[in-house]
Amino acid sequence: MSEIVLEIKDLSTHFFTDRGEVPAIEQVSIRVHKGEVVGIVGESGCGKSVTSLSIMQLVPSPPGKIVSGEINFKGEDLAPASEKRMKKIRGNEISMIFQEPMTSLNPLFTIGNQMIEALRIHQKVSKKEAREKSIEMLKLVGIPRAESIIDEYPHQLSGGMRQRVMIAMSMSCNPELLIADEPTTALDVTIQAQILELMRKLNKEKDTAILLITHDLGVVADICDRVIVMYSGQVVEEGTKREVLKDPKHPYSKGLIRSIPKLHGREEKLYSIPGTVPKPKMDRIGCRFAPRCEFAFERCFKENPGLYPTGDGRSSRCFLYDKSEGDKKINAATNKEATIGG
Amino acid sequence: MQQQIKKPLLEVKGLKKYFPIKGGVFGRTVGEVKAVDGLSFNVYEGEILGIVGESGCGKSTAGKAILRLIEPSEGSVRFEDEEITSLGAEEMRRLWRDMQIIFQDPYASLNPRHTVEKIIGEPLLIHGNTSKKERKDRIKQLLEVVGLNAYHASRYPHQFSGGQRQRIGIARALANNPKLIICDEPVSALDVSVQAQVLNLMEELRDEFNLTYVFIAHDLSVVKHISDRVGVMYLGRMVELTDKDELYDNPKHPYTQALLSAVPDPDPDIEKERIILKGDVPSPADPPSGCTFHTRCPVAMDICKQVKPDFLPIEDNHFVACHLYHEEQQNISNNNLVKEGAR
Ligand SMILES: Nc1ncnc2c1ncn2[C@@H]1O[C@H](COP(=O)(O)OP(=O)(O)OP(=O)(O)O)[C@@H](O)[C@H]1O
Ligand SMILES: Nc1ncnc2c1ncn2[C@@H]1O[C@H](COP(=O)(O)OP(=O)(O)OP(=O)(O)O)[C@@H](O)[C@H]1O
Ligand code: SF4
Ligand code: SF4
Ligand SMILES: [Mg+2]
Ligand SMILES: [Mg+2]
C-alpha cells in the first residue's frame, strides 16, 4: 500500500444541545491512502457528515465539539490545529464537496468571482491567470460554454452544473484529499454517471485520495476501493468493496445489503431489517444494533462490542467475532445466512 | 400478464399540463412550462404500473393532473370508462374515494398540528356518513393494517420516524377502500432498510385489497421490484412502456438504455457498459424540437430534430417513441404477417 494521507484515530464529536449531550460519532477510526477512494456508507443520521465536517474542523461550534481523538493528515494532527492553519489547508490540501451545492456557492457572486478568489487565496497567480485556470477547470468538468458560464450566477445553472462547478473548484488546487459528502445524491442518475466518471478521472490522473460519503451502495461498487460501514455513530465494519458488498460480516451490513432491491435477477419479497435506526444517546450500554439484530444474545445488551478481527485482515464490531465466544456463534450466524440468502 | 383480456381501470390519453411563466412588470404570461406534454398510457385492474424518469420530467404533475388536484390543460382521463376531466366538483369528490394519492415527502404531507386519528379520520369524515364509533374502529383497523398500533392514534406526526409517517400516509389513502392509488415517490425519502419495510407493506396491501397502483419513482431498482409494467418518461412524455422484464432486459429507446446503464449496481462483479450522456436535461420551458431527447441522444439522426416520434407499439405491449423503430415498424408488421401465414 502506498503512503497514508489521512489517519483518523478514535475520533469522537459530540453536540451539546438543550436536550443534553449527543454523541454524534464515537471513536471513529479511518485510514485513507494516497490515490485511494474510500467510501463511508450508512443510513441517515449515522454520523457520515459529522465525520467529514470534523476532519475539516467545520462542525458548527457551539453546539458541536471534537471531544477526543486524532486527525492525522500527512503526519500532522489537525484536531488541535488553529483556525489560521485550517484556512491554509481547506480548499488547498484538503477540498470538500458539500451535501447541498446551493448552500456552498454564494448566490451573490458569479461563478468566476468565487473560483478566482478561491484560487488566489492559496496560489500566487494574477487575476487573469486565475480566470484562465478557472475556465480550464470548468471545461475539464464538462461545463459547456465555460467562457460565458464563468460570468453567470449560481441560480442560472442547473443542479448538475452547480455540482460540477463545486467539483471544478475543489479540484483546482490539486488537493491531496478530496472529501465528497453525497456529491450526487441530489442529482439524476444520468448526471450522476457524468460526475462519478469525472471523479474517477481526476482520481486516476492526479492520484487524489477521495473520501466519498454516500448512502448508495451502487455508487460504492462503482468507484470505491475500500468501504467503511457506520451505524449510529460508530464504524461497524471495514473492508475492500468486494469483501464488504459480497461477504458482509456485521449483521447490520448484511441486513443493509439484503434490503436493496436488485436491478438484475428476480426476488419475491425484499428482506427488511425490523425497527428503525436509533438516535444517538450518551452512556448507551450494549451493541447499538442489538434491538434490531436477529443474532443478538444476552451479552449484546450488556456490553459494548469492540472491533474484532474476522480472520481475513478485516474487522467487525460484533460479539459473534469475539474469539472468547467460541466458533459456535459465528457458525450459527453464517449458517442461518446461508439458508436465507442462498 | 394478459393485459388484452383485462380491462383498463385508468386510461390517460394526450394529457397535457402547461404552467404559465409570469414575467415583466405587469406579471404577464411570457411563456409556458410544458410539465406534461402529451402523456398516454393505460393502467389495468390489479396491476402495478411503475413510472420512472428524472427529476422535473413531469411525474408528480402527471399524478396530480390525473386526479385533477391540478386541472389538466388538455387531454383525456377515463376512470372505469368514465371521462373525468369534465366532471363537476361534487362528482369528483365522489371519485376521490376510489382514486387516492400518497405523496413523496412523509414529513411535509401530514398536518403537524393534527393527531394521527384526525389525519386518518378526515377522509372518512368527508366521504362517509359514519358514526364516531365506526370511525374510531376503522382508524384502529387501518393502523393495524399498516403495522402501527391503536395507541399511536393520539400522537402527532413529529413523534414518528419517516417510515412510520409514510405508513400513516398509506393508512389515510386506504381509509375509503380505494380502487386506485397513485403513489408519488412513496419511499424516496426513506432509508434503505425502512424503504424495504414500506415496499413489502404496499405489496401485501395490493394483494389483500386487490388494489391498483401507479407507482412513481426515480429509483429504477425500486420500480423494477414492485411493478408489473414500467413506463419511462422524458420531458413530459412517455418514451417507452412495456412489461417490467422486457424493459429491463431489452430496452429499446436510447434514453431508457442510457438510464439503465447509468444506474450503479451494488454488485461489484457486474461489469457495465456505461452510456454516459452528454449535457443536462433540457428545460421543459424550452423543450428541443422534434424528439426532445435529440440534444443528448447518442444515435440521433437528421429527422429527429424535425419530427416528433409517435408513441407506437413495436411488439405486443412494447411501446416506444423513437424514429429508430418507426421505419422498422413496417418490417415488423410484415414479419408478423409472414409468421401468421406460415402457421
Ligand atoms: N448541529 C447539530 N446539533 C445537534 N445534533 C446534530 C447536529 N448536527 C448533527 N447532529 C446529529 O449528529 C448525528 C449524525 O448526523 P450526520 O449529519 O453526520 O448524519 P449523516 O450520516 O450525514 O446523515 P444523512 O445521511 O442524513 O446526511 C445525528 O444524530 C444528528 O442528529
Ligand atoms: N406549479 C408549478 N408552476 C410552474 N412550474 C411547475 C409547477 N409545478 C411543477 N412545475 C415544473 O414542471 C416540471 C415538472 O415538475 P414535476 O414536479 O412534475 O417533476 P417530477 O418528475 O415529479 O420531478 P421530481 O422527480 O423532482 O419530483 C418541472 O420543470 C417543474 O419545475
Ligand atoms: S454484537 Fe450482538 S447485537 Fe450486535 S451485531 Fe453482533 S450479534 Fe448483533
Ligand atoms: S427519435 Fe432520434 S433522437 Fe429521439 S431517441 Fe430516437 S434516435 Fe434518439
Ligand atoms: Mg449527511
Ligand atoms: Mg415529483
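Start by selecting ligand 3 in this predicted model: its shell consists of ten nonpolar residues, one polar residue and no charged residue. To display that shell, pick A:His250, A:Pro251, A:Cys287, A:Ala290, A:Cys293, A:Phe295, A:Ala296, A:Cys300, A:Cys318, A:Phe319 and A:Leu320. Four cysteines can be labelled here: A:Cys287, A:Cys293, A:Cys300 and A:Cys318.

**Chain A as a whole**

Next, colour chain A by domain. Domain 1 covers residues 103-172, and domain 2 covers residues 251-341. To see how they are placed, draw a line between the C-alpha centres of the two domains of chain A; the separation is 45 Å.

**Ligand 4**

Now move to chain B and select ligand 4. Its surroundings comprise 13 residues, of which B:Cys291, B:Cys297, B:Cys304, B:Cys322 and B:His323 come nearest. Sorted by class, this shell holds ten nonpolar residues, three polar residues and no charged ones.

**Ligand 2**

Stay with chain B and select ligand 2. There are 14 residues around ligand 2, and those that come nearest are B:Ser55, B:Gly56, B:Lys59, B:Ser60 and B:Thr61. Three distances can be checked with the distance tool:

- From B:Gly56, a polar backbone atom is 2.8 Å from an oxygen atom of ligand 2.
- From B:Ser60, a polar side-chain atom lies 2.7 Å from an oxygen atom of the ligand.
- From B:Thr61, an N or O atom in the side chain is 2.5 Å from an oxygen atom of the ligand.

**Between the chains**

Show both chains and select the residues in contact across them: 45 residues come from chain A and 43 residues from chain B. Together the two chains bury about 3,500 Å², with 55% of that area on carbon and sulfur atoms. Turn on polar contacts and look for 18 residue pairs between chain B and chain A, both residues of each pair being at pLDDT 80 or more. The salt bridges between the chains number five. For one to zoom in on, select B:Arg274 and A:Asp222, which form a salt bridge whose closest N and O atoms are 3.0 Å apart.

**Confidence**

Finally, colour by pLDDT. Chain B has a mean pLDDT of 88, and 93% of its residues reach 70 or more. Which stretch of chain B stays under 50? Select residues 329-343 of chain B: pLDDT stays under 50 there, and the model has four contacts for this stretch beyond four places in sequence. For the complex, the predictor gives an ipTM of 0.84 and a pTM of 0.88.

Technical notes
Residues are numbered from 1 along each chain as its sequence is written. Chains are lettered from A and ligands numbered from 1 in the order in which they are written. Side-chain values use heavy atoms; hydrogens and water are left out. Domain bounds come from an automatic or database domain assignment. A residue is near a molecule or strand if one of its heavy atoms lies within 4 Å of it. Ala, Val, Leu, Ile, Met, Phe, Trp, Tyr, Cys and Pro count as nonpolar, Asp, Glu, Lys and Arg as charged, and the others, Gly among them, as polar. pLDDT is the predictor's confidence in each residue, from 0 to 100. Contact means heavy atoms within 4.5 Å. Buried area is the accessible area (1.4 Å probe) that two parts lose on being put together, summed over both. A salt bridge is a side-chain nitrogen of Lys or Arg within 4 Å of a carboxyl oxygen of Asp or Glu. A polar contact is a pair of N or O atoms within 3.5 Å; within protein, one must be able to donate a hydrogen and the other to accept it, and residues adjacent in sequence count only if both atoms are side-chain atoms.
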